[in-house]
Amino acid sequence: MKTVLVVLTHANLASLQVHESLSATMVLATFGCDVKVLLKDAALSLLQADQQFDQLKHAFKLASNMVDSFEFYDLTPILIEQKNTQHPFVQKSEQELEFIEFNTEFVQRFDHILYW
């Protein structure tokens, strides 16, 4: 079975690309790939599940709603860099998280890496 690391870096409400990246990740998981998701930088905002979509304020729907369904696609635990353990979004998250060191040794465990 192919192992895939998906590294997400875009914020929750930043663009349609976030939705496309999450959708593609779920499709990979659905069709038998062993997928792990790493949230980096602005993508940590995807852990903020307490936001409400307001079409007058937001151009795009909340991508964090898609992250809430990760458990149904066997995409949990969500990977977070060890250096972000004290980040407010990480601290308040209700998701199953795993803290990792993002280094060469970690990356070499995967057959493919998708960086969005």
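Helices (H or I, at least four residues) and strands (E, at least two) are taken here as DSSP runs, numbered from the N terminus. With that in hand, the protein chain shows 4 helices and 5 strands, and along the sequence they follow the pattern β-α-β-α-β-α-β-α-β. The model is predicted, so that local features need pLDDT of at least 70 and side-chain atom pairs count only at pLDDT 80 or more, while totals for chains, interfaces and linings use all residues. Residues are numbered from 1 along each chain as its sequence is written, and side-chain values use heavy atoms, with hydrogens and water left out.

Of the 116 residues in the protein chain, 41% are buried (under 20% relative accessible area, with a 1.4 Å probe and protein chains only). The largest nonpolar core (buried Ala, Val, Leu, Ile, Met, Phe, Trp, Tyr and Cys residues joined through side-chain atoms within 4.5 Å) has 22 residues, and Leu8, Leu22, Leu39, Leu46 and Phe70 touch the most other members. Two or more residues each come from strand S1 (3–8), helix H1 (16–30), S2, H2 and S3, and H1 gives the most, with 4 residues. A second, separate core holds 7 residues, including Leu5, Leu38, Ile100 and Phe110.

A single charged pair completes the picture. The count comes to 1 salt bridge (a side-chain nitrogen of Lys or Arg within 4 Å of a carboxyl oxygen of Asp or Glu). Lys40 pairs with Glu81, and their closest N and O atoms are 3.1 Å apart. Lys40 lies in the loop between strand S2 (34–39) and helix H2 (64–67), whereas Glu81 belongs to strand S3 (residues 78–81), 41 residues apart. Both Lys40 and Glu81 are buried.

Note on methods: Buried means under 20% relative accessible area, exposed over 50%, partly exposed in between (1.4 Å probe, protein chains only).
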